[in-house]
Amino acid sequence: TMFPEKTIDHKCVISPNWSVWSLGDGQPPEEIDKQIDTPPLSILLIEKPQSGSINVGGDITFTAKVEAKDLLRKPTIKWFKGKWMDLASKTGKHLQLKESFDRFTKIHTFEMHIIKAKENYAGNYRCEVTYKDKFDSCSFDLEVKGFEGQDDAGELDFSGLLKHREHKQEEVPEVDVWEILKNARPDEYEKIAFMYGITDLRGLLRRLKKTKKEEKKSEAFAKRLEPAYQVDKGGKIRLVVDLADPTVELKWYKNGQEIRPTPKYIFEHKGTQRIMVINNCQINDDAAYSVSAGEEKCTTELFVKELPVNIVKHLEPVKTTVNERIELECEVSEEGAKVKWMKNGVEVPTGVRSRYRVKSEGTKHWLIIDDATKDDTGTYSLMATGGTTEAKVQVELKPLKILMDLQSVTVLLGQPLKLNCEIYPGNIPGRWYKNGQLIQPSERLTIIHRTKNHSLDIESSTIHDAGDYTFVPEGYTQTLSAKVHIIDPPRVHLEALNVQDNTVVIVAGNKLRLEIPISGEPAPRVVWMKGERVILDSGNRVRAETFADHTCLTIDIAEREDTGNYKIVLQNEAGEDTASVKIKVVDIPDAPEAPLVTDVGGDWCTMTWEPPRYDGGSPILGYFIERKKKQSSRWMRLNFDLCKETTFEPKKMIEGVPYEVRIFAVNAIGVSKPSEPSKPFLPLAVTSEPTMLVVDDVTDTTVTMKWRPPDTIGAAGLDGYQVEYCIEGSVLHWWVFMCVCAYTILYLTADEWILANKELIEKTRYTITGLPVEAKLLVRVKAINAAGASPPRTTQHSILVKEVIEPPKIRIPRHLKQTFIRKVGEVVNLVVPFVGKPRPKVNWLKEGQPIDQTINIRNSDCDSIMFIRKAERKHSGKYELSVQVENHIDTATLDIQIVDLPGPPQAVKIEEVWGNNVALDWNPPKDNGNAPIIGYTIQKADKKTMEWYTCIEHYHRTCITISDLVVGNEYFFRIYSENMVGLSESATATKDSALIVKEGLQLKIPEYNDRDFTEPPIFTQPLINTFAVAGYNATLNCSVRANPRPKVIWMKNKITIIDDPRYRMFSNQGVCTLEIRKPCPFDGGVYTCKAVNDLGEAQVDCKLEGYLCGPTCVQI
């Protein structure tokens, strides 16, 4: 607030004139309630809360409004009771704070509701609004009528430091409440507070508590500091303590910080008294002070009271004229006091760019206006906390004297124009008017004011500058006037046509109205002429007309004969002017001649044509091109932007389809008729270049190249290939043709390439012969079709013509790595490829001996063929193939097996006959046909009919029992042997027959002893150490024999493998398999297979090692 107060003393006294308690001698209520005569202008609040009066138990609302037009965020508002009690912490059933915002009016509304007011709610309230560096506040009072005694102090209790309320004056003796409270019991405090009207009981009890603590007997202090002190701002105060022991070290503190002796703080010693004097007390000296003596400390509070600033010398009224200096002086009661200057109730701006300057020296304050204007007239006031003073300032104009008046002038068009005058006083600005319109400065017009002289300068005058000019001094009713007259010779303004070379172009058949501006004072006489002929205004098709500011030539229907130069003649008293206009009548161009197709591609062609003979009088802007299929009647536009050249390349045509093209010429007038169609043409494209050109073979005199066909062939097909080469060293200059796939390909000019094949070849392989030894050459291949040669495919690097020794290597086909089996009489044709350079020597041996003459051997550069037209069993055996290049040799072995039908079994006989069964026995055939016997076929025949029936086929053993024979019949039996080729050509029959006797006969069954097949596990095939390739499955195999069937257990590094998804275990017919899925280096180790049954156990081990497979295999 503007008048802060702190009036606190350590004594609490109840007097007849005061109804609330106070500390010390505070300000009377009259001074607190006293309002400032002229309050400062509010800068945030547009509506302030007003004082009000209610009865006890009533409700009241206080409203404050803030305009948010220039605010970026919501302002902060605080409600206070008294000086420092913030009501935000007191909200409850008796107090509510609300706020709202209207989006349309942009006004913040803040409300304070007091509900069921009590008598002790009465007092002074304050509302403070803050936004950034702006601050505003407003005080208001609340009066509560109809006092009734209440035990509840309420939420709005406040200290008597801020407000005193008057009761009816009664003769009540002064009572020291401190003494009463000190001697009372705690349960009597509220009763005493009600009895003596104490509202801030809590604060009083806190001070009473401190007082009681301080009443303890002090060993260091004989007399302690008072609880509180008060001093006026700018005054001096003494803080005195009496020490019990003068030798104790004493320290003074302000808000906990030690105070050092300075001119402001002076320390004095008088016997046992220690005094601290504080000079020139200011607001920042309002603090808590303490003094420590040894381990003891006593504290106090200092309250600095700020006195109001009063007006000592009032402002005096000022009356002056413009451009003079105004100085308003005022004197206040205090140096450095904050004051506010106002003009007509509005605060005077005092910024850097303001016209107002504020100056202060001690208690004097000045408001200075250096260059006064008439707008400075008004009421100026100065506001201080203790009052306001105001004075009127009146600024009048100085008397005007005309030293030189304006003079009327006549100026030739285009010449400078200058008007000037002189007036007194010289610093008076003014305005220039022309025909009553305000004149603004521009690039052509300059207004100059130098002291008493005022001038208007026009660099180059125009007709529009003629008129009445007036100069009006600012602030005066007197004016200065003059007339300006402009003389202008006649002139034709052809530039208004805005055409090049004054040539007007018109399309034949259209109407032409040519308007040309003219000027001149007085108005000139106008004559139009074409050649020597004068054009009259009474003409029919062609006529001329003249108006005030322009002349007009009209041609109703333009004809080609209207083309020519037209002359305009202007005459008046000031002079003469002539001008010429050319009129050009234009039309659309003639149709061009038929275009000529000069070159044809796969989906494009190149066409040329000649411009039309007559361009219509306007330059040809370009051409439109159309095409169509020969058998079609629909033309298609190929270009939407004009073609500026007389050549064009149509694209996106269908290969092999005949087309025609035609042309349209276009000028500024329009599009001509189409030309005659061109001769039909057929688009054909060359193929793309051959692909994958590589060297297939090199000898001392030849180079063999091979390649792949082009990726794109097209409708013209492919007729063949052309191979060219160039020997390095025969060319002096190389040049870069193109860059493909990051390789720079070098080509030679066409004359330096040598054609290798005179006729086209269809194969994609060709051998260039007759080359010099150790020469370096480049080779290129072109694909040829009806459209021509394709772009060449050239080797990236030069080829050295020299045969390179390559060690031989036989590459045996997969089917020959096993035994090659053929039947007798079949053709044997074995192709064994190999590599090696130069051509290897091939040699065949059979089991170390030269091969039979019936075997044909054919050798080539890359393979050897064994051919047997009709295989015989003697051709079976192991053949050795050796391939040799100089000292290098490679060998391979081929196993050939020629098989035939087997011979019949031997010694077929009937061993025994019983019931309807016959037991047969025989021996294998003497000749098995060079192949294992895979079974036998047994047949039977009745002796009566001798018709043979098959009993069983593919029987493997050499003894059998034939059952279900017919009793009473007599049977013969025969047996065929069988191998992979088939059944033997003949069968061996039993010499004797078997008679199946009738019932009644008994067969003696011999006794047989059962054989014991049980045995412990025995591994017939052990595990083998093996290597595993990373990324591929590995298998471990072994076979075991045991009866009963054994339990198979797999172990790795003697640890049993159980339920591991990386391992799979199989057991089939005694063969045990462990599959390791994609082993890694950690799968290496010792693997064990263990078989267990009731008769014993057995195990076998192997070691598994791994390889990492990359560019080279590395052992793990």
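Rings of Phe, Tyr and Trp count as a pair if their centres lie within 6.5 Å. With that in hand I went to Phe62, Trp79, Tyr125 and Phe140, and found that ring pairs link them into a cluster. Note to self: this is a predicted model.

**Entry 1, aromatic pairs.** I looked up how many aromatic pairs the structure holds, and the count came back as 11. I opened two of them.

For Trp432 and Phe471, I got ring centres 5.0 Å apart and planes at 50°, so I logged the pair as tilted. Trp432 belongs to strand β33 (residues 430–434) and Phe471 to strand β37, so this pair ties together parts that are 39 residues apart in sequence. Buried or exposed, I wondered about Trp432 and Phe471? Both are buried.

Next came Trp707 and Tyr721. Their ring centres are 5.4 Å apart with the planes at 70°, so I put this pair down as edge-to-face, the label for planes over 60 degrees apart. Trp707 is in strand β55 (residues 703–708) and Tyr721 in strand β56 (residues 720–727), so the parts tied together here are 14 residues apart in sequence. Trp707 is buried, and Tyr721 is too.

**Entry 2, charges over rings.** I noted two cases. The charged end of Arg126 sits over the ring of Phe80, 4.6 Å from the ring centre. Lys359 has its charged end over the ring of Trp366, 5.3 Å from the centre.

**Entry 3, nonpolar cores.** Which residues have the most contacts inside the largest nonpolar core? I found Leu328, Leu406, Leu456 and Tyr469, in a core of 41 residues. I also checked which strands feed this core: β23 (326–332), β27 (364–369), β28 (378–384), β29 (387–396), β32 (417–424), β36 (453–458), β37 (467–473) and β38 (480–487) each give at least two residues.

I then pulled the contacts of Tyr469, skipping residues up to four places away in sequence. Among them are Leu406, Leu417, Leu419, Tyr433, Leu456, Ile458 and Val484. Lys434 and Ser481 are also touched by Tyr469. There is a second, separate core of 27 residues, including Ile54, Leu71, Ile77 and Ala117. As background, nonpolar side chains tend to be buried together in soluble globular proteins.

**Entry 4, an open sheet.** I traced a sheet of 4 strands, open and antiparallel, in the order β65-β67-β71-β70. Why do β65 (806–810) and β70 (856–859) each have one side without a neighbour in the sheet? They stand at the edges and have a single partner strand each, so one side is left free of a neighbour. From one strand to the next the twist averages 20°.

I zoomed in on β65, which pairs with strand β67 (residues 828–837) in the antiparallel sense over 3 bridges. In that pairing, Glu806 stands opposite Lys837 in β67.

**Entry 5, two loop residues.** Pro441 is in the loop between β34 (437–438) and β35 (445–450). Its relative accessible area is 53%, and the cut-off for exposed is over 50%, so Pro441 is exposed. I also took the C-alpha to C-alpha distance from Pro441 to Ile458: 9.9 Å in space, with their positions 17 residues apart in sequence.

Ser618 is in the loop between β49 (605–608) and β50 (620–629). Its relative accessible area is 8%, and buried means under 20%, so Ser618 is buried. Who touches Ser618, neighbours within four places in sequence aside? I listed Val586, Asn667, Ala668 and Ile669.

Notes: Residues are numbered from 1 along each chain as its sequence is written. This is a predicted model: local features need pLDDT of at least 70, side-chain atom pairs count only at pLDDT 80 or more; totals for chains, interfaces and linings use all residues. Side-chain values use heavy atoms; hydrogens and water are left out. Buried means under 20% relative accessible area, exposed over 50%, partly exposed in between (1.4 Å probe, protein chains only). Two strands pair if DSSP finds at least two bridges between them. Axes are lines fitted to C-alpha atoms, for helices over the stretch in contact, and angles run from 0 to 180 degrees between N-to-C directions. A nonpolar core is a set of buried Ala, Val, Leu, Ile, Met, Phe, Trp, Tyr and Cys residues joined through side-chain atoms within 4.5 Å. Contact means heavy atoms within 4.5 Å. Rings of Phe, Tyr and Trp (its six-membered ring) pair if their centres lie within 6.5 Å; planes under 30 degrees apart count as stacked, over 60 as edge-to-face and the rest as tilted. A charge sits over a ring if NZ of Lys or CZ of Arg is within 6 Å of the ring centre and within 35 degrees of the ring normal.
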